[in-house]
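Thanks for taking a look at this one with me. Please open the structure below and keep it in view while you read.

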Amino acid sequence: MMKQLEKYLMPLAEKIGRNKYLMSIRDGFLVSTPLLIAGSIFLLIANFPITAWTKFLESTIINQKTGETLAAFLSKPSDATFTIMAVFAVMGIAYSFAGQMKTNKIFGAACALMSWFLIMPYSITGNVAVGSKTIETTLSGIPLGWVGAKGIFVGIITAFLSVHIYAWVEGKGWTIKMPAGVPPTVVESFSALIPATFVMTFFFLVNLMFGFLGTNVFQIIFEFLQTPLLNLGDTLGAMVVAYIFLHLFWFFGINGGSVVGAVFNPILQTLSAENILFFTKGQGTGHIICQQFQDLFATFGGCGSTLSLLIAMLLFCKSKRITDLGKLALVPGIFGINEPIVFGLPIVLNPTMLIPFMLVPTVNIIISYFCMALKIVPICSGINIPWTMPPIISGFLATNWVGALLQAALIVIGVIIYMPFIKVLDKQYLNEEAQAQAAKEEDDINLDDLSFDDL
């Protein structure tokens, strides 16, 4: 099996590795990796699954004027990373792609950000209390949804288009030439003026066209991604299909949980509410598929059920890159935070990991569904358990000890599925590390090897 995986996956990985668009996406997301890891630490502290701790955070008021609590302040680092991660993605992808296109990287990144914000709708809809009434109003502002996961796909397209236009204009020689002796930074600034104007004009016209249509680019693309998911409901097939889409989006660097969840989560939350009525008052019927089923039995350690991958990395891998990353990401992974693995291994645009990344959650869903359908494991009660609650504990709280045992078994099955794939990647990284070490040794000069007898 290992040889077959290497035969088919490695050539595909090499082709992707040489594609300038995919390389730019991969390298662009690395800009946000250290920020997401740092934000994960604060996210874990703010959502640590101990009720007394979260109540303490929510009851400790820091700002007496505004009433902001310690919990609100602890959420700021994640707001400054996860909530606006699309900003970093656009900047990083455009910067990397500008390098691939042999043009000015910093101006390429700046033009991409400008273009992305140019086509973004500056309106926020909300409810405002006026006396005893609440009215809906629209205010000017940048919606946080578009600068977060929902806006990444538009950002990728914008980054490529803007840099292409910039490089095309520059290639035509339509730039301002400054005389000799002018500081280089001034030369670069004036040289970027005409290409940047072309980029701005193009995206202005795009925004104008969509404005005539009564919509915007962000909404159209987001709704297009949602379309295949609109008819999903309370079935095993729906859950499997939703998670296939979710993990495909993640593979391309798009937060699949946000895209799929925008449609699917309201259904799951309604089913959870009905489960609570069923268990507490005996009303209606219980549902296997619900929010807790998704959060606690579909994946462990985040999308792709990467807690199993982490265990496989630490047990079976030898490369320093994988083992060091595994040690770093293990604790966040136990609490369901896996951005270090998704963007650091990486899983994004890594064909070697695509199959197990999609397969393990699918296996978890199918096995869990039939265990509950056959009444081997009780269905989830519907009580809201934090998504950061570690597995086994969460399974016990949502069902009983059988649910905890099921979670443990699924994690082991996930390790078995991930093992051959991560070993392929481990072999690749071991070869790269050996080549890097050999190159370093060749560059080192050893004075002991020098002899004046050879002169």
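Here are some numbered notes to guide a first visit.

1. Some ground rules. This is a predicted model, in which local features need pLDDT of at least 70 and side-chain atom pairs count only at pLDDT 80 or more, while totals for chains, interfaces and linings use all residues. Residues are numbered from 1 along each chain as its sequence is written, and side-chain values use heavy atoms, leaving out hydrogens and water.

2. The overall picture. The protein has 21 helices and four strands; these are DSSP runs numbered from the N terminus, with helices (H or I) of at least four residues and strands (E) of at least two. Of its 455 residues, 45% are buried, where buried means under 20% relative accessible area, exposed over 50% and partly exposed in between, with a 1.4 Å probe and protein chains only. About 23,000 Å² is exposed, and carbon and sulfur atoms supply 67% of that. The areas come from the Shrake-Rupley method with a 1.4 Å probe.

3. Contacts along the chain. Among contacts between residues at least 6 apart in sequence, 71% join residues at least 24 apart. Contact here means heavy atoms within 4.5 Å.

4. The core. The largest nonpolar core holds 105 residues, and Trp116, Met239, Leu309, Met313, Leu345, Met353 and Ile422 touch the most other members. Such a core is a set of buried Ala, Val, Leu, Ile, Met, Phe, Trp, Tyr and Cys residues joined through side-chain atoms within 4.5 Å. Helix H21 (residues 401–443) gives the most to this core, with 11 residues.

5. Leu345 and its neighbour. Leaving aside neighbours within four places in sequence, Leu345 is in contact with ten residues to look up, including Leu309, Met313, Met353 and Ile422. The peptide bond from Leu345 to Pro346 is cis, with omega near -10°. Pro346 sits in the loop between helix H18 (339–344) and helix H19 (351–373).

6. Two residues with positive phi. Most residues other than glycine have a negative phi, and most peptide bonds are trans. Lys102, not a glycine, has a positive phi of about 60°; Lys102 is in the loop between helix H6 (85–100) and helix H7 (105–118), and counts as exposed because its relative accessibility is 73%. Ile392, also not a glycine, has a positive phi of about 80°. Ile392 is found in the loop between H19 and helix H20 (393–398), and its relative accessible area of 41% makes it partly exposed.

7. Helix H13. What span should the 16 residues of helix H13 (residues 236–251) have at 1.5 Å a residue? The expected value is 22 Å, and the end C-alpha atoms are 23 Å apart, which agrees. The expected span is 1.5 Å times one less than the number of residues. Buried residues of H13 include Met239, Tyr243, Trp250 and Phe251. Just after H13, Gly253 takes a positive phi of about 85°.

8. Lys318. This residue lies in the loop between helix H16 (306–316) and helix H17 (320–334). Lys318 is exposed, with a relative accessible area of 70%. Not counting residues up to four places away in sequence, Lys318 touches Thr323, Asp426 and Leu430. Lys318 and Leu430 are 112 residues apart in sequence, yet their C-alpha atoms are 7.5 Å apart in space.
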